[in-house]
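Student: I am new to this structure and should be grateful for a close look at a single part of it. Would you begin with one residue and then place it within its wider surroundings?

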Amino acid sequence: MRLLLLPFGLIYGLITSIRNFFYNKGWLRSFEFDFPIILVGNLSAGGTGKTPHVEYLIKALQDHYKVATLSRGYKRTMKGYGLATDLSLVEDIGDEPKLYKHKYPKTEVAVSENRVTGVYYLLNDEPETRVILMDDGFQHRRIKAGFNIILTTWQQPYFSDYMLPAGNLRESASGKKRGQVVIVTKCPADLTNDQRLRFKSQLNLENNQPVFFTQLAYGILYPLFIDQPVIQVQPADEVILLTGIAANKQLKQWVGERYKKVHVASFADHHYYTQNDLARLLTSFPTAKSIITTEKDAMRLMEQKDAIIKAGFSIFVLPVDVRFLGDEEAFLNLIHDYIEKYPPNAAKAAVE
């Protein structure tokens, strides 16, 4: 059905290609800071595992450097620049920034729809910052990050995808040239060396663009609220898988293999849950009282605690980690080498 939209995809692709051409030629201005900025992005419209990969970098770097993240803060109600605190709400900063601040309180978390302004204010507010992890924004060409990490999935790589709206690409595959590193995400655990080599050849990268392969590993469920009716969920329980993320296929498979009866309730990415949503769950699945959800969804559900408890639901959160299928040390060496090119006081110098 989406193939019928190919003509519109061609038009969209032409527009984005012209825009990128103007930036590449310098006819549209890009801003570059003399400071380490690592961007985690993709060529597609989400679903590549961006959030867990940003978390991976936070965990890998936070014991070595003062780390900050910068996001647009998608679907937040406030505009302009903001620096997250422990009391920030999802509606103020967005669900992903809320997740970063909630799990990694020592990390400075900033939001700004204008990334250039965001970097400037962030470095002014937190001059001890040693590295900024920019969450998404690969197509936000007004700022030029020094180190771009492009994510593409094993299941739907950019070389077999189409432009929006026929496919999921936000720009043509030629955009891969701007990446310093490509990570193939959501890989099968038993990936063979021959499969890697074939896949790598299809990515069609330059010799100086290393490729890494990762998988998502789910952790142990934990209750969202300590005072909810049930604080443990059993394999024999009837559960609802509640998600508002870009791609939940792998998650559905994982939950389906571990619980006897699973009802799937899928919402749009970054969906803000309401009391009406909970009422519909009660009506649709009256005998299921346990909900399994993602950590990103949990940030939005936390703010509906009273309604959730009143409805009798118990919510369990499934954490996810990134695991490299080999070459992890080589990847981290690239990251550390890039950051160490800049002096410790680079933040102050960058905004003077």
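**A lysine and its surroundings**

Tutor: Lys50 has its place in helix 2. The model is a predicted one, and every value below is computed from it. The relative accessible area of Lys50 is 11%; since a residue counts as buried when this value is under 20%, Lys50 is buried. Leaving aside residues up to four places away in sequence, Lys50 touches Val40, Glu96, Asp135, Asp136 and Leu151.

Several of these neighbours lead into a sheet. Val40 falls within strand 1, residues 37-42, Asp135 within strand 5, residues 131-135, and Leu151 within strand 6, residues 147-153. These strands belong to an open sheet of 9 strands with mixed pairing, whose order is 3-4-2-5-1-6-7-8-14. At the edges of this sheet stand strand 3 (82-83) and strand 14 (320-324); each has a single partner strand, so one side of each is left without a neighbour in the sheet. The partner of strand 14 is strand 8 (residues 211-218), and the two run antiparallel, joined by 5 bridges. Within this pair, Gln215 has Arg323 in strand 14 as its bridge partner.

Helices also pack on this sheet. Helix 11 (residues 328-340) touches strand 1, strand 5, strand 6, strand 7 (181-185), strand 8 and strand 14, and its direction makes about 150° with that of strand 6. Helix 5 (residues 115-125) lies across strand 1, strand 2 (67-71), strand 3, strand 4 (108-111) and strand 5, and runs at about 150° to strand 2.

Which residues touch the most other members of the largest nonpolar core? They are Ile38, Ile149 and Phe331, in a core of 67 residues. Helix 2 (residues 50-61), the helix that holds Lys50, supplies the largest share of this core, namely 5 residues. Ile149 shows how the parts described so far come together. Not counting residues up to four places away in sequence, Ile149 touches Ile38, Leu39, Val40, Gly41, Leu57, Val181, Ile183, Phe331 and Ile335. Val40 thus appears among the contacts of Ile149 and also among those of Lys50. Apart from this core lies another, of 22 residues, including Leu281, Leu301, Ala307 and Phe313.

A second sheet deserves attention as well. It is an open sheet of 5 strands in the order 9-13-12-10-11, and its pairing is mixed. Strand 9 (222-223) and strand 11 are at its edges, each with a single partner strand, so one side of each has no neighbour in the sheet. Strand 9 runs antiparallel to strand 13, with 2 bridges between them, and Pro223 stands opposite Phe316 in strand 13.

Strand 12 (residues 290-294) pairs on both sides. With strand 10 (residues 238-243) it pairs in the parallel sense over 4 bridges; Leu242 has Thr293 of strand 12 as its bridge partner. With strand 13 (residues 314-318) the pairing is again parallel, over 5 bridges, and Thr294 has Leu318 in strand 13 as its bridge partner. Strand 12 is largely enclosed by the rest of the structure, because 5 of its 5 residues are buried. Both faces are covered: Ser290, Ile292 and Thr294 are buried on one side, and Ile291 and Thr293 on the other. Helix 7 lies across strand 10, strand 11, strand 12 and strand 13, at about 170° to strand 10.

Another lysine offers a contrast with Lys50. Lys260 lies in the loop between helix 7 (249-256) and strand 11 (261-266). Is Lys260 buried or exposed? Its relative accessibility is 73%, and it counts as exposed, whereas Lys50 is buried. Apart from residues up to four places away in sequence, Lys260 touches Pro235, Ala236 and Asp237.

Finally, the chain as a whole may be considered. Its secondary structure comprises 12 helices and 14 strands. The radius of gyration is 21 Å, close to the 20 Å that the globule rule gives for 352 residues, so the chain is as compact as a globular protein of that length. Its C-alpha atoms fill a box of roughly 60 × 45 × 40 Å along the principal axes. Lys50 is buried, and 52% of the 352 residues count as buried. Among contacts between residues at least 6 apart in sequence, 81% join residues at least 24 apart.

Notes
Residues are numbered from 1 along each chain as its sequence is written. This is a predicted model: local features need pLDDT of at least 70, side-chain atom pairs count only at pLDDT 80 or more; totals for chains, interfaces and linings use all residues. Side-chain values use heavy atoms; hydrogens and water are left out. Two strands pair if DSSP finds at least two bridges between them. Contact means heavy atoms within 4.5 Å. Axes are lines fitted to C-alpha atoms, for helices over the stretch in contact, and angles run from 0 to 180 degrees between N-to-C directions. The radius of gyration is taken over C-alpha atoms; the globule rule is 2.2 Å times the number of residues to the power 0.38. Buried means under 20% relative accessible area, exposed over 50%, partly exposed in between (1.4 Å probe, protein chains only). A nonpolar core is a set of buried Ala, Val, Leu, Ile, Met, Phe, Trp, Tyr and Cys residues joined through side-chain atoms within 4.5 Å.
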